[in-house]
Amino acid sequence: MTQASPTLETTLMVIDGEDVAAGGGDWLETRDPATGRVLARVPRGGAADIDAAVRAARGAQPAWEALAAGDRGRLLLALADGIAAEVEELSRLETLDVGKPLREARVDVRHAERLFRFYGEVVDKVHTEKLTVDGGFAFTDRLAYGVTGHITPWNYPIQLFARTVAPALAVGNACVVKPAEDTPLTALRVARLALDAGLPPGVLNVVTGLGADAGGALADRPDVDHLSFTGSRATGERVMAASARQMRPVMLELGGKSPSILLGDVDVAELVPTLRSAVLWNAGQTCDAQSRILVDRAIHADLLDALTADFAQVTIGPGMEDHDVGPLVSETQHRRVSAHVGAAQTAGGARLVIGGGRPGGLDDGWFFEPTIFDVSDPSSPIANEEVFGPVLTIVPFRDEREAVRLANGVGYDLAAAVWTKDIDRAFRLTSQIRAGQVHINSWGIGSGVELSFGGIRQSGFGREKGLRALDEYSALRTTTVRVVAGR
Ligand code: NAD
């Protein structure tokens, strides 16, 4: 295997432009999910480190916001160039840290580059409104919130770091980021690339640490002016409660149990590779994974056979060897997925068709087999709960009405897809589906950086990506001007 260890230099936090260890002198270990072995040590930051980072951000923010928009944009473009120059290194770091296949990590790194490029390019091209009114005129301009806090998860570390930080920086905020403790390495590297690109010290700070310590401290700060959170519903609730106490805007990107509705006219064999990828990408640890197939009874048996045969061919192994599926991110995640699958086997209402445990021959690391459940009782937990692993449930439906009821019935409303050759039926169904993203005969093709992304209900609120993210990270100020007529 060609695994390269990151250097120790990559393990320090970035606060006020400096590489620093935690004030308390404590360390955390991040492990390679393919082997379970320690990959790197990172500082175990806590409240004092968050304090230093927020102070640094507060100090740097006014000058950052005062820069001409185009100058801020040029620095973000320089950061995009810095990422582009290190695609291979960053991809390997991401694969070693998260476990995902190298080709997927490359997609993520390119995505991060595109996000910094997108916001770098648009920031001086999007203007606000001016209106002539009786006696004068009025205009709006955009105010940065000030210091923005960002708590990010472990499944797409570099991509989600860029997704939240790039628009926040573009509109003039200074950021304090708390990456997930399992996968902090690319966030630290990008923060250094930002300094190399010329971003002033203090504008982008990264504090590593545990959720409850460093994340909790960031959420509890009264002087963090906006908080962006991506992660679980339980933590989202805590972060939102803390934000309510501070009377501060918060945006939450939470989980999903996204359905793919297959109508009876589809070509099952043709669809199988896309359906596989839609659930097994990143070993199913994707918030909008299509982990629930709702299928017309008429093609249920064909679909089940075709997907089972396909899953049996999937290769599993270390991300650095670029198999179809890599390991889960951590022992904790392996335990969680195993618990869901174990409970489903005893609960009834769903039959295990393939997979269900650790693949043979892969005793080290946190590998889990691609798994399919054929669901006879749509209310069974495995068909409703987010597993966040390579686990697909297949639920047959009788008619469109039942398909829509099942699609909208789990409480998560992040994404959904409809597959059919009949465009009228496709629109009839998608118009009844509640979700932040709906796809017709596709999955993932709209997941660029230009379009808004976010959820409804249990999947959270607020929109990342696209131009609207600029509104999420800034407030509008209206100024009215009375023009006194000249003599
Ligand atoms: P998590 O909520 O445990 O962790 C997410 C982040 O929150 C981490 O950085 C963690 O350190 C931090 N955190 C944990 N406890 C905290 C606390 N008390 N105070 C402040 N911060 C705290 O989530 P997870 O289990 O690691 O991530 C998986 C979940 O994230 C899934 O539900 C998934 O669907 C969701 N997710 C959603 C999206 C999206 O875009 N909608 C993207 C990725 C992941």
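Are R189 and E86 buried or exposed? In this predicted model, R189 is buried, and E86 is buried as well. The two residues form a salt bridge whose closest N and O atoms are 2.6 Å apart. Because R189 belongs to helix 6 (residues 185–197) while E86 sits in the loop between helix 2 (69–84) and helix 3 (87–98), the pair ties together parts that are 103 residues apart in sequence.

Side chains of opposite charge can pair when their charged atoms come close. With a cut-off of 4 Å between a side-chain nitrogen of Lys or Arg and a carboxyl oxygen of Asp or Glu, the model contains 29 salt bridges. Three of these pairs are set out below.

| Pair | Closest N to O separation |
|---|---|
| R189 and E86 | 2.6 Å |
| E113 and R110 | 2.7 Å |
| R398 and E402 | 3.6 Å |

The salt bridge between E113 and R110 lies within one element: both residues are in helix 4 (residues 102–122), 3 residues apart, which is about one turn of the helix. E113 counts as buried because its relative accessibility is 9%, under the 20% limit. R110 has a relative accessible area of 40% and is therefore partly exposed.

The pair R398 and E402 joins an exposed residue to a buried one. R398 is classed as exposed because its relative accessibility is 59%, over the 50% limit. E402 has a relative accessible area of 9% and is therefore buried.

Salt bridges also occur as a network, in which D51, R55, R221 and D223 are linked.

Methods:
Residues numbered from 1 in each chain as written. Predicted model: local features only at pLDDT ≥ 70, side-chain atom pairs only at ≥ 80, totals over all residues. Heavy atoms only, no water. Helix = DSSP H or I, 4+ residues; strand = E, 2+ residues; numbered from the N terminus. Buried < 20%, exposed > 50% of the residue type's maximum accessible area, 1.4 Å probe, protein only.
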